[in-house]
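Thanks for making the time this morning. I would like to walk you through one structure, and I will try to go slowly for anyone who has not looked at it before.

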Amino acid sequence: MQVLLGNREKLLNEKFAARGAGKQYVAHAGESVLRFRICQNLLVNCCAKTFRMKFHKEPLHRHNINRYQLVQALKPTDKPLRKKFCEKFQEKFDVNGFENTLVFTDEVFCGKVNRHNLRFWGTENVYVTLEHQRDSPKMNVFCALSNSCVFGPFFFAEKSINGDLYQDMLSEWLLPQLEESIPDFILQQDGAPPHWNKNVHEFLNVRLPHHWIGRAGPRYLTCLHWPPRSPDLTPCDFFLWGFVKDKVFVRQLPQDLEELKQRITAVLNSITGDMLSRVSQELDYRVDICRVTGEAHIEHL
């Protein structure tokens with residue numbers, strides 16, 4: 001959607017571009033979805049009147065969003081890596097049984113979002129508001145899923161996760177379960193800082209040679225090299241965390257971390273094998289779409 005900006009807006013847009021060029025914010029408000037990109041056709045911090053006049057003829061209402069997603073823009077060097085990954089992934093996916101061995105993993109910093117820091121504008125008025133404590137407690141939650149089973153949640157006691165904590169969790173908690181449940185499994189992890197740790201790579205090289213997917217150099221024994229900035233290709237990002245947060249953060253919001261843990265656990269236990277099977281089909285579809293459409297992000301699917 002093209003938005004014409006005046007000289008003043010263009011000048012401000014240039015300032016925002018210098019701070020965060022390429023980042024795309026996606027805000028969900030009921031059925032309406034507002035997408036905007038810094039320094040691409042739209043000024044982020046323009047006033048409500050200017051936004052209403054230039055973006056839409058209907059009255060706009062301010063929404064305090066408690067669910068949001070940050071999508072990093074792809075760098076020019078990322079697209080060939082995504083294409084290469086998609087081609088090799090589809091080759092393996094067509095082999096009988098490969099999809100049954102895949103285990104996708106991810107962690108998320110989960111808690112009550114501070115509504116005072118997020119304000120977006122949309123065409124629908126939101127009548128239901130959720131009140132909660134500002135700067136409420138949060139925690140790191142880890143989960144893994146295959147096309148038939150969910151492993152987790154695992155709640156980190158620490159506020160931040162480093163490579164050593166992540167490796168301990170893998171060796172003591174996740175891998176023993178996978179070895180018992182899924183013979184010859186293949187573990188996927190993205191390029192988050194704890195996963196990028198050298199000790200973690202060395203550990204996976206020894207424990208799972210040629211049976212792990214992740215961002216790593218050529219000397220590491222991966223099954224596939226995970227492309228950078230590709231959350232749209234992992235079920236944990238395009239399905240799991242959105243599903244969990246939609247079910248957890250409803251009225252009345254959790255009163256403490258213990259109740260938050262109970263809600264997250266209950267939601268994960270409610271995920272059925274049929275849901276996971278359809279997620280696996282969606283993954284195959286997304287990889288194919290990524291391959292044939294210029295390797296761009298496909299968050300809109």
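Let me begin with the aromatic rings, of which the structure holds nine pairs, and let me say straight away that what you see is a predicted model. One of these pairs is formed by Phe 89 and Phe 98, whose ring centres are 6.0 Å apart and whose planes stand at 75° to one another, an edge-to-face arrangement. Phe 89 is buried, and Phe 98 is buried as well.

Another pair has its own geometry, and here I would like to put a question to the room: are the rings of Phe 239 and Phe 243 stacked or edge-to-face? Their centres lie 5.6 Å apart and the angle between their planes is 25°, so this pair counts as stacked, the cut-off for that being planes under 30 degrees apart. If you look for Phe 239 and Phe 243 along the chain, you will find both in helix H7, which covers residues 235-248, and they sit four residues apart, about one turn of the helix. Both Phe 239 and Phe 243 are buried.

Coming back to Phe 89 and Phe 98, they also belong to a cluster, in which ring pairs link them with Phe 85, Phe 93 and Trp 226. Aromatic rings also meet charged side chains here, since Arg 215 lies over the face of Trp 196, at 4.7 Å from the ring centre, while Arg 286 is placed over the face of Phe 238, at 4.3 Å from the ring centre.

Now let me turn to the sheet. Six strands make up an open sheet with mixed pairing, and their order across it is S9-S8-S6-S10-S11-S12. At its edges are S9 and S12, the latter being residues 224-225, and each of these pairs on one side only. As a reminder, the strands of a sheet pair through backbone hydrogen bonds, and they can do so in a parallel or an antiparallel sense.

Strand S6, residues 102-111, is a good place to start, because nine of its 10 residues are buried and the strand is therefore largely enclosed by the rest of the structure. On one side S6 pairs with S10, residues 186-188, in the parallel sense over three bridges, and within that pairing Val 103 has Leu 187 as its bridge partner. S6 is also joined to S8, residues 138-145, by eight bridges, and these two strands run antiparallel. Along that pairing, Thr 105 stands opposite Ala 144, and Gly 111 has Lys 138 as its partner.

S8 is itself largely enclosed by the rest of the structure, because seven of its eight residues are buried. A hairpin through four residues leads from S8 to S9, and the two strands, S9 being residues 150-156, run antiparallel and are joined by five bridges. In that pairing, Phe 142 is matched with Phe 154 in S9. Towards the other edge, S11, residues 212-214, pairs with S12 in the parallel sense over two bridges, with Ile 213 and Leu 224 as bridge partners.

I would like to pause on one residue of S8, namely Asn 140. Is Asn 140 buried or exposed? Its relative accessible area is 8%, so Asn 140 counts as buried, the limit being under 20%. A polar atom of the Asn 140 side chain lies 2.7 Å from the backbone oxygen of Lys 159. Leaving aside residues up to four places away in sequence, Asn 140 touches several others, among them Val 108, Phe 109, Phe 154, Glu 158 and Ile 161.

Finally, a word on the cysteines. A disulfide is a covalent bond between the sulfur atoms of two cysteines. How many disulfides does the structure hold? The count is zero. The sulfur of Cys 86 has its closest cysteine sulfur in Cys 290, at 3.6 Å, which is too far for a bond because a disulfide requires the two sulfur atoms to be within 2.5 Å. Cys 86 is buried, with a relative accessible area of 0%, and Cys 223, at 16% relative accessibility, also counts as buried.

Note on methods
Residues numbered from 1 in each chain as written. Predicted model: local features only at pLDDT ≥ 70, side-chain atom pairs only at ≥ 80, totals over all residues. Heavy atoms only, no water. Buried < 20%, exposed > 50% of the residue type's maximum accessible area, 1.4 Å probe, protein only. Pairing = 2+ DSSP bridges. Phe/Tyr/Trp six-rings, centres within 6.5 Å; stacked < 30°, edge-to-face > 60°. Lys NZ or Arg CZ within 6 Å of the ring centre and 35° of its normal. Polar contact = N/O pair within 3.5 Å; in protein donor to acceptor, adjacent residues only side chain to side chain. Contact = heavy atoms within 4.5 Å.
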